[in-house]
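Me: Could you take a close look at one part of this protein for me, the nonpolar core and what surrounds it? I would like a connected account rather than a list.

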Amino acid sequence: MSKTCDICGKSTTFGNKVTFSHRRLNRKFAPNIHKIKVLVDGTSKRLNVCSKCLKSGKVQRAN
């Protein structure tokens, strides 16, 4: 199940894990995503939001 941030669209990306002997193994970089209540047009809604959007103030939490 692939989760993406509903605000900025950040999702899982793939890369390589490089060992000391420079062997390359596949790995994934998963974003820090939380399912929180957010105020959207005056109503509360549950969205998947990454921690960077939370810290930068792009969303307003609902009480």
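What follows looks at the core and its cysteines, and then sets them within the whole chain.

Reply: The model is a predicted one, and the description below should be read with that in mind. In the protein there are 1 helix and 4 strands, and from the N terminus on these elements follow the order β-β-β-β-α.

The largest nonpolar core is made up of 9 residues, namely Cys5, Ile33, Ile36, Val38, Leu47, Val49, Cys50, Cys53 and Val59. The elements that contribute two or more residues to this core are β3, which covers 33-40, and β4, which covers 43-50. As a general background, nonpolar side chains in soluble globular proteins tend to be buried together.

Within this core, Ile36 offers a useful view of the surroundings: once its neighbours within four places in sequence are left aside, Ile36 is in contact with Lys45, Arg46, Leu47, Val49, Leu54 and Arg61. Of these partners, Leu47 and Val49 are themselves members of the core.

The cysteines of the core deserve a separate look. Cys50 is buried, with a relative accessible area of 2%, and Cys53 is likewise buried, with a relative accessible area of 2%. A disulfide is a covalent bond between the sulfur atoms of two cysteines. For this model the count of disulfides comes to 0. Cys50 takes part in no disulfide, and the nearest cysteine sulfur to its own, that of Cys53, lies 3.5 Å away; seen from the other side, Cys53 is in no disulfide either, its nearest cysteine sulfur being that of Cys50 at 3.5 Å. Because a disulfide is counted here when the two sulfur atoms are within 2.5 Å, the 3.5 Å between the sulfurs of Cys50 and Cys53 does not qualify.

A polar residue of strand β4 is also worth following, for Asn48 lies in that strand and is buried, with a relative accessible area of 18%. Leaving aside neighbours within four places in sequence, Asn48 is in contact with Thr4, Cys5, Asp6, Ile7, Ile33, His34 and Lys35. Among these partners, Cys5 and Ile33 belong to the core.

The loop between β3 and β4 is where Asp41 is placed, and Asp41 has a positive phi of about 55 degrees although it is not a glycine. At 78% relative accessibility, Asp41 counts as exposed.

Away from the core, strand β1 (residues 13-18) is joined by 6 bridges to strand β2 (residues 24-29), and the two run antiparallel. In this pairing Val18 stands opposite Arg24 in β2. The hairpin that β1 and β2 form has 5 residues between the strands, and His22, which sits in the loop between β1 and β2, takes a positive phi near 65 degrees, though not a glycine. His22 is exposed, with a relative accessible area of 58%.

For the protein as a whole, the radius of gyration is 16 Å, well over the 11 Å that the globule rule gives for 63 residues, so the protein is more spread out than a compact globule. Along the principal axes, the C-alpha trace spans about 55 × 25 × 15 Å. Of the 63 residues, 21% count as buried, and the accessible surface comes to about 5300 Å², of which 47% belongs to carbon and sulfur atoms. Among contacts with a separation of 6 or more, 25% are between residues 24 or more positions apart.

How values were computed
Residues numbered from 1 in each chain as written. Predicted model: local features only at pLDDT ≥ 70, side-chain atom pairs only at ≥ 80, totals over all residues. Heavy atoms only, no water. Core = buried A, V, L, I, M, F, W, Y, C linked by side-chain atoms within 4.5 Å. Buried < 20%, exposed > 50% of the residue type's maximum accessible area, 1.4 Å probe, protein only. Contact = heavy atoms within 4.5 Å. Rg over C-alpha atoms; globule rule 2.2 N^0.38 Å. Areas by Shrake-Rupley, 256 points an atom, 1.4 Å probe, with all protein chains shown as cover. Pairing = 2+ DSSP bridges.
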